[in-house]
Amino acid sequence: MLDIAVLPGEYAVCRMAADSTLPSGLSGGLAGDDIVTVSWTADGMSVICPAERAPGEADRETAWRCLRVAGPTDLAVTDTLTALVDPLGEARVSIVAFSTYDTDYVLVPAVRLAEATAALVRAGHRVLD
């Protein structure tokens, strides 16, 4: 069983050109439970951030809600993401998953949040508001 927190507010998933620099509005100044994660590949830069901080020049998809596994979790622990992804997949809820050193996160469409949390509870997890 996992304890899963539903973070406040909506999140955006953004894409920028590979040669982009990190927009200044994304560095520092995070409040409370805010999360910003950035990944660069040869194909582009991906940013996940609170919707109100989404870079204006990015292609973006907004209205995601962020679920965080209560952590920190040990890096040696296996199957944490599987325990989240499998019930959400069975409920046909789209996800975007990412991890940090301390824990795992899953974004779900805001309009499907109730379905997502219900699926996780049915799978034996505790969802904390």
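## Two helices and a strand residue: worked exercises

In this predicted model, helices α1 and α2 pack with their axes 9 Å apart, at an angle of about 120 degrees. Let's work through what that looks like.

**Exercise 1.** Work out how α1 and α2 are oriented to each other, and which residues make their contact.

*Solution.*
- Step 1: Start with the angle, which is about 120 degrees. Angles of 65 to 115 degrees count as roughly perpendicular and those over 145 as roughly antiparallel, so α1 and α2 come out as oblique to each other.
- Step 2: Check the hand of the crossing: for α1 and α2, it's right-handed.
- Step 3: Now find who touches whom. α1 brings Ala83, Leu84, Pro87 and Leu88, while α2 brings Ala116, Ala119 and Leu120.
- Step 4: Sort that contact by class, and you get seven nonpolar residues, with no polar and no charged ones.

**Exercise 2.** Find the buried residues of α2 and say where they sit around the helix.

*Solution.*
- Step 1: α2 covers residues 113-122, and its buried residues are Leu113, Ala116, Thr117, Ala119 and Leu120.
- Step 2: Look down the axis of α2. The buried residues fall within an arc of 155 degrees, so they line one face of the helix.
- Step 3: A bit of background helps here: an α-helix has 3.6 residues a turn, so residues three or four places apart point the same way.
- Step 4: Flip to the face turned away from the buried side, and you'll meet the exposed residues Ala114 and Arg122.
- Step 5: Ask what the buried residues of α2 pack against: β1 (3-6), β5 (59-69), α1 (80-90), β7 (104-109) and β8 (126-128).
- Step 6: Carry on past the helix to Gly124, which has a positive phi, near 100 degrees.

**Exercise 3.** Do the same for α1: which residues are buried, and what do they pack against?

*Solution.*
- Step 1: The buried ones are Thr80, Leu84, Pro87 and Leu88.
- Step 2: Down the axis of α1, these fall within an arc of 100 degrees, so they line one face of the helix.
- Step 3: Their packing partners are β1, β5, β7 and α2.
- Step 4: Just after α1 comes Arg92, with a positive phi of about 60 degrees.

**Exercise 4.** Is Glu61 buried, partly exposed or exposed, and which residues does Glu61 touch?

*Solution.*
- Step 1: Locate Glu61 in strand β5.
- Step 2: Its relative accessible area is 48%, so Glu61 is partly exposed.
- Step 3: Leaving out residues up to four places away in sequence, Glu61 touches Tyr11, Ala12 and Val13.
- Step 4: Take Val13: it's 48 residues from Glu61 along the chain, yet their C-alpha atoms are separated by 5.3 Å.

Note on methods: Residues are numbered from 1 along each chain as its sequence is written. This is a predicted model: local features need pLDDT of at least 70, side-chain atom pairs count only at pLDDT 80 or more; totals for chains, interfaces and linings use all residues. Side-chain values use heavy atoms; hydrogens and water are left out. Buried means under 20% relative accessible area, exposed over 50%, partly exposed in between (1.4 Å probe, protein chains only). Helices (H or I, at least four residues) and strands (E, at least two) are DSSP runs, numbered from the N terminus. The arc is that of the directions from the helix axis to the C-beta atoms. Contact means heavy atoms within 4.5 Å. Axes are lines fitted to C-alpha atoms, for helices over the stretch in contact, and angles run from 0 to 180 degrees between N-to-C directions. Angles under 35 degrees count as roughly parallel, over 145 as roughly antiparallel, 65 to 115 as roughly perpendicular and the rest as oblique. A crossing is left-handed if the near helix is turned anticlockwise from the far one by less than a right angle, and right-handed if clockwise. Ala, Val, Leu, Ile, Met, Phe, Trp, Tyr, Cys and Pro count as nonpolar, Asp, Glu, Lys and Arg as charged, and the others, Gly among them, as polar.
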